[in-house]
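Q: Please take a close look at the aromatic rings in this model, covering both the charges that sit over them and the pairs they form with one another.

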Amino acid sequence: MKVLVTGSAGFIGFHLAQKLIAQKYEVVGLDNLNDYYELSLKYGRLKAAGIDGAELVYNKALRSKIQQNYRFIQLDLTDRAAINTLFETEKFDMVVNLAAQAGVRYSLENPHAYIDSNVVGFTNILEACRHNTIQHLVYASSSSVYGLNESVPYSTSHHTDHPISLYAATKKANELMAHAYSHLYQLPTTGLRFFTVYGPWGRPDMAYFLFTKAIIAGEPIKIFNDGKMYRDFTYVDDIVAGIVKVLHKVPQGENDWNAEEPNPSAGKAPYRLYNIGNNKPVNLLQFIETLEQALGQKAEKIYLPLQPGDMTKTWANVDDLMNDFDYQPSTPLKKGIEAFVAWYLSFYGKARG
C-alpha cells in the first residue's frame, strides 16, 4: 500500500510516518516546512526519519528526497497544480492529511493562514483524492470543535455548532467538507478529533513544551484560568496506533442511518468521525507537578485569566473507537512525560532557555 502523509515534518505526521515505514508501507511524506515554529525541530524530525533536512530549501517546488520506503516532498497544500501533479504521478492508495496551520491563539492574529492551509489546502486534497480514486482519506480534526459545549465527556453524537476560535471553525469546516465529498463522490473519509497530543518531538507552541523550556531556564510559567483547566492529554504513540487502526478500515456508510434523528458522526455516505484521546482528563496543575518531578525542578508560577479561544476542559468519549477498532490508549501520564523530558534534554540539552 502506498500512503501519502501530509504534515510529515510535523509532530504527529513524523511519528505516523515512522510507524508506517516500520510496517513496510510505501510512504510519501509531504510538508511545506513553514516557519510557524523553529525549523531546526522540523529538520531534526526529517533527519531522524533518514532525510537530510539541511539540504532542503524552502520554496514551492516539487522537491523529493529518498530514504528506503520513505520519500519526502517539500510542497504546500495550497499549490493546487503541484498537488494534482503529485497525485496523478504517485498513484496513492490512501491519504492521511495531518498538514494544517495549528494553534488556537495564533489564529486570533493570523486568520488568513488558517483559511489558506486548513480550508483551501484541504479542498485541494479532497479534489485530488476524488479525481485519483483514493481508497480512504483519513484527516485530522480537533477536540476544539466542541467549543462552548460543556457536556462532558465529549461525544461525536454531540453537535459542534459553537466554536470559539477560527482554528476550531476551520476544523469543523473540514468535517463538513469531507462529508460533502463522501456524499457526492463516494469518497471514503474518516475524521479524527485529536485531544491534546503530547510526547517527544512535540510542538514548541504547546503548553507542556513552553513549561519545560521555562522551568529549565529558571523562568516563571504562565498558568491561565488560575489553573482551573483540564485536558485529556494523549501520548503520541497512542494517537498513532489509533490512526493506523482506522486507516485499515474503510467506512462503508450506514444504510439504517436516520435522517430524522441524524447521528453527526456517520451517515449513509462512506463517512465517519471519531474522538481519539486518553479518556482521562487531567488538571493542568497536576500535569505541571508531574512535569516538575520528571525535570527535578520546581516551577515558578504566574496565574492569569482565561485566554480568548481557550477551552476550560477537554474529555474524550472514545467508546466508538474502542468498539469499532479495539482502541486502548495505554501510556500513563507519568511515563509519557518522562519520555518527553528525556527526548527534550537529549535534543536541546540543559542549556536550552
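A: The charged end of arginine 130 is placed over the ring of tyrosine 185, at 4.1 Å from the ring centre. Tyrosine 230 has lysine 313 over its face, 5.2 Å from the centre of the ring. These positions come from a predicted model, not from an experiment.

Rings also pair with rings, and the count of aromatic pairs comes to 33. One of them joins tryptophan 201 and tryptophan 343: the ring centres are 5.3 Å apart and the planes meet at 50°, so the pair is classed as tilted, since edge-to-face needs an angle over 60 degrees and stacked one under 30. Tryptophan 201 is in the loop between β8 (197-198) and α7 (207-217), while tryptophan 343 is in helix α11 (residues 333-348). The pair thus links distant parts of the chain, with the two positions 142 residues apart in the numbering. Tryptophan 201 has 13% relative accessibility and counts as buried, because the cut-off for buried is under 20%. Tryptophan 343, at 10%, counts as buried too.

Helix α11 also supplies tyrosine 344, which pairs with phenylalanine 209 of helix α7. Here the geometry is edge-to-face, with 5.4 Å from centre to centre and 70° between the planes of phenylalanine 209 and tyrosine 344. Because phenylalanine 209 lies in α7 and tyrosine 344 in α11, this pair ties together parts that are 135 residues apart in sequence. Both phenylalanine 209 and tyrosine 344 are buried.

Key:
Residues numbered from 1 in each chain as written. Predicted model: local features only at pLDDT ≥ 70, side-chain atom pairs only at ≥ 80, totals over all residues. Heavy atoms only, no water. Phe/Tyr/Trp six-rings, centres within 6.5 Å; stacked < 30°, edge-to-face > 60°. Helix = DSSP H or I, 4+ residues; strand = E, 2+ residues; numbered from the N terminus. Buried < 20%, exposed > 50% of the residue type's maximum accessible area, 1.4 Å probe, protein only. Lys NZ or Arg CZ within 6 Å of the ring centre and 35° of its normal.
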